[in-house]
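Let's take a walk through this protein together, from its overall build down to a few individual residues. Have the model open so that you can turn it as you read.

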Amino acid sequence: MTPSPCPPIADADWPNDIAELREDFAGALNVYRTMAHHPDLLNAWAPLRQHVVKENALGPELTEVVILRAGLRMGSRYEWAHHVSRALALGFSTDRIDAIRTRPEGVDGLIVDAVDALFDQRMLSPEQEAELADAIGRKAVIDLIAMVGFYSVLGYLLKTYDTPLDDNIQKEAQKMPTLFSLTT
């Protein structure tokens with residue numbers, strides 16, 4: 001296998017102009033250590049990441065449903081595995097996580113359908129947007145759309161540069177390989 005031209009940057013090689021990001025969120029994950037090859041992008045990414053990942057109108061559980069489905073649709077092993085771990089930490093059952101692979105019931109199902117529509121039609125239909133807005137609120141719908149775009153960009157980077165799972169996620173995945181795998 002050809003080595004990645006952008007492997008996760010080690011602490012010793014971390015760019016000085018974004019040193020503060022290494023101590024914040026970026027140093028903790030290989031995805032951002034990969035993105036650190038472009039310091040200006042990572043620096044610009046930070047405030048958007050704060051909103052999309054942490055301060056969105058979906059809340060933590062629905063955020064994980066969106067990210068899991070987007071990671072699955074992107075075929076991003078990294079995103080799927082990392083967000084299986086996060087979903088488990090939030091109290092998701094393995095059944096709930098597995099259901100996101102297909103089409104779950106309730107609000108999770110509406111979100112899975114919305115993510116699929118964004119990948120397949122590049123938009124939500126007016127009816128779908130209205131149903132989602134009734135269920136989760138319009139700001140949450142807009143955040144869902146932005147989140148799918150955000151995680152698509154990350155998926156492109158992760159897959160292009162074959163970013164490895166972080167060690168802690170790799171260890172967790174070894175205990176439940178089927179759940180952490182993109183395929184069942």
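What follows starts with the whole chain, moves to its core and ends with some residues worth finding on screen.

Please keep in mind that this is a predicted model. The chain is built from 11 helices and has zero strands, so if you trace the elements from the N terminus you will read α-α-α-α-α-α-α-α-α-α-α. How does its radius of gyration agree with that of a compact globule? For 184 residues, such a globule would come out near 16 Å, and the chain has 17 Å, which agrees. Along the principal axes, the C-alpha atoms fill a box of roughly 50 × 35 × 30 Å.

The contacts tell you about the fold as well. Taking contacts between residues at least 6 apart in sequence, 66% join residues at least 24 apart. Of the 184 residues, 48% are buried. On the outside, the accessible surface comes to about 9,300 Å², and carbon and sulfur atoms account for 53% of it. The chain carries 17 positive and 27 negative side chains, with the centres of the two sets 3 Å apart.

Now to the inside. In soluble globular proteins, nonpolar side chains tend to be buried together. Here the largest nonpolar core has 59 residues, and Tyr32, Leu42 and Leu154 have the most contacts inside it. Helix α9, residues 138-160, gives the most to this core, with nine residues. Try selecting Leu42: beyond its neighbours within four places in sequence, Leu42 is in contact with Trp14, Ile18, Leu21, Phe25, Ala26, Tyr32, Met35 and Ala36.

Helix α9 also holds Lys159. Is Lys159 buried or partly exposed? Its relative accessibility is 46%, so Lys159 counts as partly exposed. Apart from residues up to four places away in sequence, Lys159 touches Met74, Gly75 and Ser76. Lys159 and Tyr78 are 81 residues apart in sequence, yet their C-alpha atoms are 8.5 Å apart in space.

Finally, have a look at two backbone angles. Most residues other than glycine have a negative phi. Arg122, however, has a positive phi of about 65°; this residue sits in the loop between α7 (106-120) and α8 (126-136). With 63% relative accessibility, Arg122 counts as exposed. Asp162 also has a positive phi, near 45°, and lies in the loop between α9 and α10 (167-175). Asp162 is partly exposed because its relative accessible area is 47%.

Note on methods:
Residues numbered from 1 in each chain as written. Predicted model: local features only at pLDDT ≥ 70, side-chain atom pairs only at ≥ 80, totals over all residues. Heavy atoms only, no water. Helix = DSSP H or I, 4+ residues; strand = E, 2+ residues; numbered from the N terminus. Rg over C-alpha atoms; globule rule 2.2 N^0.38 Å. Buried < 20%, exposed > 50% of the residue type's maximum accessible area, 1.4 Å probe, protein only. Contact = heavy atoms within 4.5 Å. Areas by Shrake-Rupley, 256 points an atom, 1.4 Å probe, with all protein chains shown as cover. Lys, Arg positive; Asp, Glu negative; His and termini not counted. Charge placed at Lys NZ, Arg CZ, Asp CG, Glu CD. Core = buried A, V, L, I, M, F, W, Y, C linked by side-chain atoms within 4.5 Å.
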